[in-house]
Structure formats: structure tokens, C-alpha cells
Amino acid sequence: NGSSVLVTGGAGYIGSHAVLALLDAGERAVVIDDLSTGLQAAVPEGVPFYRASCGDTAMVAKILQNHAVDTIMHFAGSISVAESVRDPGKYYLNNTVNTHALISQAERAGVLHFIFSSTAAVYGEPRTIPIEEENATLPINPYGRSKLAIEWMLRDAAASTSLRYCALRYFNVAGADPAGRSGQSTREAFHLIHVAVQAALGRRQGMDVFGSDYPTSDGSCIRDYVHVTDLAQAHVDALTYLRSGGESLTCNVGYGRGYSVLDVIDVVKRVCRVDFDVRTRERRPGDPAILVASNAKAKSILRWRSCHDHLEQIVQHALSWERQLKFGVPA
Ligand code: UFG
């Protein structure tokens, strides 16, 4: 239809997979990314790229107009729970304040749809598992609060303008493009599967497990690990849903199955066929014990179908990416 999707953070880990999913679906994409963690090499050839913050209103206004943007997929933001506890101001600025600027520009330019990278961290320490979208949102760290505030802004913006949105609450994203076109390339990536694969490849000396006294079967935290390609597809499904007139929606994206940190490390050791040191450490501040999604809403409303719901496959794809590392640097 001649319109484009603006992907903020499109040079980053999840954003670059979303760009691939959009191109695979025959869509036009434009990327804005300040390259604070992303890499320009992650943006496929032929996709217009602007190096700027999504809080740069003049730049965003120009892009929205010049590329006839009807939809914004908003990935740009800071994502570390631990860092948000140390430096909350960074999270309120990079996430909440910059997104306020982006939403304002979207409203001014008459953008129709906004698809937002929200997070399971908005739930805090959930009272029931699996977590449904109607569960209370009581985040226990600044990261979760900085994202929940954005959900509120979107809800209010949608109530007062014609903007419609999908807030996708991601659970733990991992893996890499099965065709090897993209993967985790952030230098300081700290996520469990990434760290464990680095340890398996000998790029770091073993790894730490944060907490051994959580109220779980083995004492380590439980998470719902979702393949980045399935997550990217959820954004394309959200685009189809909004374009066909769907109402604004807040929706979990996870598989509905939990693995403990120790389970994940075992799978990584098995898939990589190597052993490495695992040290037990104190709990990491801001970590909830258990996060597992109900994905009924994604399946029924977005018609999301998972294709890579398999922890071994997630680890295998992360490993393949790390072995060839088309761009990015080994940790
Ligand atoms: N962990 C370790 N050692 C490590 C890295 C992680 O033990 O070296 C543990 C963490 O303590 C946690 C689990 O592995 O228990 C997962 O940690 P990650 O850092 O991989 O991910 P988080 O669960 O902290 O957070 C991620 C995203 C958030 C999102 C959340 C939702 O970064 O944006 O998943 O489940 F909100």
C-alpha cells in the first residue's frame, strides 16, 4: 500500500529480527537507531537507516513524513533490570521520556498504529502462574516501571486520538535467525542463554547463577524463553491485526512454559557438548522468582503461531550465530 513501518531500535537484537520478518512479509521498513547498543551492519541492505535517538523529534518528524509511515514498531530502549536498579534515571529518560516524544510525533503525523516492546517485568512478582494480561501490574524494578508508564501513555493516547496500539509484553527472548542473517550482537549482552553460550565457547571463564534460594524446585529463577524469530513474527501478526481494524491490545508473548536457570545451563552444556564452571552467587536485585506467560490472547486474537517452541533449538540457533558471527564482536 506504499506505506512504511518505522522500526526504532532496528539495528538492535530484537529490532533487527523484526526488520527481517517485515521484509519476509513483503513490507517496507525504515530504521532509526542511535547505535548505542545496535550495529548498523544488522540493518539489511536497502532498508533506509537513520542514526538518531527516537527522542529526536525533528528527525522523527522528517522520517514519518518522507516515508509515509503508517505504523511504528518501537524497540529502542534500555533493557537491563540490574542496570535499572543502579541507574533508574537512564531508564526513565531512554524509555519513558523518549517514548513520550515519539508518541507525540506519531500523533502529529497521524500515524495509525503503534506496536510497543513491553515486558513481563511490568507484572513484578506475579501472584498466579501462568500470568494473564489481567494480572496486577506491580513492577518491582525501575525497568518495569519505565515500561509500564509507556503502556499508560499509549492507552491514554489511543483514547483521545485515532492511534491504535499493541503493547507486546515479552518474556525472555533468546536465539537467533534460523537462516543466520542476524543474532545477538550487543557487546555487553548479559542475558542467560547468551552468557551460557559464551561460557560454552570458552569466550568467558564459566558463569554465575544469581540466587539459589528462590521458592522453586531447584532454587534458581524460572523464566519462559521465547525464540526471537517467533517474537518478531508476533509483531507482524500485530501489524496485520491493527491494519484489519483490530482494537488496541495488550498481550503477552511467551510459550507458556518455564525453565529454571539450572535447566537452561544443562541444555546449553548438552547442545554445545561441553562443560564449564558454574558459580552460585547472591540474588541479583530486581529479579522475580518465576515468570511464565499465558499466551492464550496472542494465539486467539493475534493468531500468533509459534514455530520454534523448543529450548534446544533456541540454544542451537544462538550457538550457530556465535560460531559464524556475521557482525558484532565476540564477548
Ligand atoms: N542469570 C544468571 N546468570 C547470568 C545471567 C542471568 O543466573 O549470567 C539469571 C537471572 O538472574 C535470571 C535469569 O537468569 O534469573 C534470566 O535473566 P536474564 O538477564 O536473561 O533476563 P531477565 O529475566 O532478567 O529479563 C529479561 C529481559 C527483560 C524482561 C524479562 C521478562 O531482559 O526485559 O526477561 O521475563 F522483562
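Here are a few notes on how the domains and two of the helices fit together in this predicted model.

1. Let's start with the overall layout. The protein chain splits into domain 1, made of 4–174 + 226–253, and domain 2, made of 192–223 + 256–324. Their C-alpha centres are 23 Å apart.

2. Next, the place where the domains meet. On the domain 1 side, 30 residues are in contact with 26 residues of domain 2. Four elements of domain 1 each supply at least two residues to the side that touches domain 2: α3 (81–86), β7 (172–174), α7 (228–243) and β11 (249–253). Helix α7 gives the most, with 7 residues. Sorted by class, this side of domain 1 has 17 nonpolar, 8 polar and 5 charged residues.

3. Now for a helix pair worth viewing on screen. Helix α6 (residues 192–200) packs with helix α10 (residues 311–324) at an angle of about 55°, and their axes are 10 Å apart. An angle from 35 to 65 degrees falls in the oblique range, and α6 and α10 are therefore oblique to each other. Their crossing is right-handed.

4. Finally, the residues behind that packing. From α6, the contact is made by I193, H194 and V197, while α10 brings I314, V315, A318, L319 and E322. By class, the α6 contact with α10 has 6 nonpolar, 1 polar and 1 charged residues. Displaying these side chains together with the two helix axes would be a handy way to follow points 3 and 4.

How values were computed. Residues numbered from 1 in each chain as written. Predicted model: local features only at pLDDT ≥ 70, side-chain atom pairs only at ≥ 80, totals over all residues. Axes fitted to C-alpha atoms, helices over the stretch in contact; angles between N-to-C directions. Parallel < 35°, antiparallel > 145°, perpendicular 65-115°, else oblique. Left-handed = near helix turned anticlockwise from the far one by under 90°. Contact = placed C-beta atoms within 7 Å. Nonpolar A, V, L, I, M, F, W, Y, C, P; charged D, E, K, R; others polar. Domains from an automatic or database assignment.
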